[in-house]
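Dear colleague,

I am handing over the structure below, and after it you will find my notes on two helices and a pair of strands. Please read them with the model open beside you.

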Amino acid sequence: MIEIIAEVGINHNGDLNVAKELVQQAKTAGATCVKFQTFFIEELAREHTPKSEFQLRDKSSKSHIEMLKRCQLSYDDHLTLFKLCNEIGIDFLSTPYHPSAVKLLEEIGVERYKVASADLRDIFLIDSILETKKKIILSTGMSSQLDVKEALNYIINRSSYEKDKITLLHCTSDYPCVNKDGNINFLKFLKDFGLRIGFSDHSIGVSQALIALGLGATVFEKHITLDKNASGPDHKASSDISEFKQYVSDLNSGFLALGHENKKTMDSEKSMKFTSQKSLVYERDMKPKEIIKKEDLSAMRPFDGIPIFRFEEFIGKILTKPVLKNQNLSEDHFE
């Protein structure tokens, strides 16, 4: 099975009712999990922190601080959303951005944590999560191969953290991420760690995600919004609910299409196999006591007799019965 995480992030713009509606819509669209962000602005960023290039496209706030401050969720907001997720049957997940955010999430009872790409090497945050002994999802945007190796060495070797508790997500931290920057092949590198892998998808559409699926990703994260034109930095690069529903449908269909590595005749192929594959037949009328040569045999549809690849078993055998051209070979035609 695959997991599809609806990334609300800060697209609620600090409005609890919008956040609740996004939870409901994520569930309806088929997401298995909905994710938020947990932070207190005074512990996250200093006044001179600039907006990133993509954040500058949004003119609704003048600074990075102002932008994030209005998107904070309170403890009560978190608890309300956590309870709502439990009520309707969708997993709650959040990205804490500093240790006190982990403490808040522990208090409401979360079962796992997401670490943002920007914080892959933040040992203060990582340590606070590792102390919980809970599952952890690590995004790798903005990171090099060395960054990923060192982060995993820190987590696994320093803390003896169980590998089955760690999921690695490939990510390109641009919004939206165009195809030339997708670099989906990086999943091959992540797969070599023997951990569960996934894709934090900032692209438009589903094409990058389907490629990731083919490379072994089983966790997918996609930003959602109720309105792409709403104020805030992430809305325009997010999927609206209709797009997200199609995204979920396409990924689930793609997962079904992957099947498994074992190859066998599918039930849906059996009729076609009978009609289009061939059986061993006689190339000419033959009499008893004649010896079968290769040129005496041929192959014709349908597949209602002996498979062609067995022809060598019959070379040199002596007929005991008369046979006709285009007649199926049979074991009882021979001594």
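In this predicted model, the buried residues of helix H7 are Val 148, Ala 151, Leu 152, Tyr 154, Ile 155 and Ser 159. The cover over these buried residues includes helix H6 (123-130) and helix H8 (186-191), together with strand E5 (135-139) and strand E6 (166-171). H7 has 15 residues (residues 145-159), and because each should add 1.5 Å, a span of 21 Å is expected, which agrees with the 21 Å between its end C-alpha atoms. Just after H7 comes Ser 160, which has a positive phi, near 55°.

Helix H5 (residues 99-108) can be read in a similar order, starting with its buried residues, which are Ala 101, Val 102, Leu 104, Leu 105 and Ile 108. When you look down the axis of H5, these buried residues fall within an arc of 160°, and so they line one face of the helix. Among the elements that cover them are strand E2 (33-38), helix H4 (75-88), strand E3 (91-96), strand E4 (112-115) and H6. H5 is followed by Gly 109, where phi is again positive, near 100°.

The last part concerns strand E10 (residues 279-282). In a regular strand the side chains alternate between the two faces of the sheet. In E10, Ser 279 and Val 281 lie on one side while Leu 280 and Tyr 282 lie on the other, and all four are buried, so that both faces of the strand are covered. E10 runs antiparallel to strand E11 (residues 297-300), to which four bridges join it, and Tyr 282 stands opposite Leu 297 in E11.

With best wishes

Definitions and conventions:
Residues numbered from 1 in each chain as written. Predicted model: local features only at pLDDT ≥ 70, side-chain atom pairs only at ≥ 80, totals over all residues. Heavy atoms only, no water. Helix = DSSP H or I, 4+ residues; strand = E, 2+ residues; numbered from the N terminus. Expected span 1.5 Å × (residues − 1). Buried < 20%, exposed > 50% of the residue type's maximum accessible area, 1.4 Å probe, protein only. Contact = heavy atoms within 4.5 Å. Pairing = 2+ DSSP bridges. Arc of directions from axis to C-beta.
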